[in-house]
Amino acid sequence: SFRTMEPHIATVLQGKAVDFNFTYESPDEGKKDLSAQLVPRWEESGAVSGFYALVTDITALTEVERMKSEFVATVSHELRTPLNAILGFSEVMKNELFGKHGVAAYKDYSSDIHSSGQHLLMLINEILDLSRIEAGRYELREEPVSLAHVVEDCLHLLSLRAEQREITITRAIESQLPRIWGDERALRQITLNLLTNAIKFT
């Protein structure tokens, strides 16, 4: 409707290009999702005398995005259910809640299973985050974060993979490094991606 476009028209008449999406109810075709691009039309004098508009029907694209989001959410839920059981039982085994392991190595194995499960859970969360980012719904959970702690956790998660490839990871972290302000989960995923690629392509 014109009311939806009115503030954008005011902006473009000030000499600034505008991109935005809006919904239009057509008497013949029903509800339509549209994308609009408005570009100012300049006169030789330097004044804006009007604007050019390009409006694209994105109804089908919006529906595809909705179906993709639903698919990602469903698959993520189906993966989380057995993964929660793996994390829960491996934590019980790792902490030896029902008694000591007969073989000491089993405690290390259960710890590795738990760590790998946590890594898989973070990957699932990353897929969900990408879906939210594409939909413009991703929200940062910002807080003071110890980068040294994040790096240590990521190194522990990937230590077995590095060992299997006979790769030694060397870290150099300032002892007095202050906490930084950011989203810990996002920083952890960035660090994991960097380390995973370093191991994979070395």
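The following conversation goes through the cores, strands, salt bridges and aromatic pairs of a predicted model.

Me: What kind of model is this, and how are its residues numbered?
Reply: The model is predicted, so local features need pLDDT of at least 70 and side-chain atom pairs count only at pLDDT 80 or more, while totals for chains, interfaces and linings use all residues. Residues are numbered from 1 along each chain as its sequence is written, and side-chain values use heavy atoms, with hydrogens and water left out.

Me: How many residues does the largest nonpolar core have?
Reply: The largest nonpolar core has 13 residues, and those with the most contacts inside it are Cys154, Leu158, Leu192, Leu195 and Ile199. A nonpolar core is a set of buried Ala, Val, Leu, Ile, Met, Phe, Trp, Tyr and Cys residues joined through side-chain atoms within 4.5 Å. Buried means under 20% relative accessible area, exposed over 50%, and partly exposed in between, with a 1.4 Å probe and protein chains only.

Me: Which elements give two or more residues to the largest nonpolar core?
Reply: Those elements are α4 (147-164) and α5 (184-201). Helix α4 gives the most to this core, with seven residues. Helices (H or I, at least four residues) and strands (E, at least two) are DSSP runs, numbered from the N terminus.

Me: What is Ile199 in contact with, leaving aside its neighbours within four places in sequence?
Reply: Ile199 is in contact with Leu158, Arg161, Ala162, Arg165, Ile167 and Ile169, where contact means heavy atoms within 4.5 Å. Apart from the core described above lies another core of nine residues, among them Met5, Ile9, Phe22 and Leu34.

Me: Turning to strands, in which sense do β2 and β3 pair?
Reply: Strand β2 (residues 30-42) and strand β3 (residues 48-57) pair in the antiparallel sense over nine bridges. Two strands pair if DSSP finds at least two bridges between them. Arg41 has Gly50 in β3 as its bridge partner.

Me: And what about Gly46 in that hairpin?
Reply: The hairpin of β2 and β3 has five residues between the strands, and Gly46 takes a positive phi near 95° there.

Me: Now charges: how many salt bridges does the structure hold?
Reply: The structure holds six salt bridges, each defined as a side-chain nitrogen of Lys or Arg within 4 Å of a carboxyl oxygen of Asp or Glu. One of them joins Asp153 and Arg188, with the closest N and O atoms 3.1 Å apart. Asp153 lies in helix α4 and Arg188 in helix α5, so this pair ties together parts that are 35 residues apart in sequence.

Me: Are those two partners buried or exposed?
Reply: Asp153 counts as partly exposed at 26% relative accessibility, whereas Arg188 counts as buried at 13%.

Me: Which residues are joined into one network?
Reply: Salt bridges that share partners join Glu96, Lys100 and Lys107 into one network. The closest N and O atoms of Glu96 and Lys100 are 3.5 Å apart, and the side chains of Lys107 and Glu96 meet at 3.8 Å, N to O. Lys107 is in helix α3 (residues 104-134) and Glu96 in the loop between α2 (59-94) and α3, 11 residues apart.

Me: How accessible is each member of the network?
Reply: Glu96 counts as buried at 17% relative accessibility. Lys100 is exposed, with a relative accessible area of 73%, and Lys107 is partly exposed at 37%.

Me: Aromatics next: how many pairs are there?
Reply: The count comes to two aromatic pairs. Rings of Phe, Tyr and Trp (its six-membered ring) pair if their centres lie within 6.5 Å; planes under 30 degrees apart count as stacked, over 60 as edge-to-face and the rest as tilted. The rings of Phe20 and Phe22 have centres 5.7 Å apart and planes at 35°, so the pair is tilted. Phe20 is buried at 8% relative accessibility, and Phe22 is buried at 10%.

Me: And what of Tyr106 and Tyr109?
Reply: Their ring centres are 6.3 Å apart and their planes at 45°, so this pair is tilted. Tyr106 and Tyr109 both lie in helix α3, three residues apart, about one turn of the helix.

Me: Last topic: where is Ser90 found, and what does Ser90 touch?
Reply: Ser90 is found in helix α2 and counts as buried at 3% relative accessibility. Not counting residues up to four places away in sequence, Ser90 touches Ser110, Ile113 and His114.
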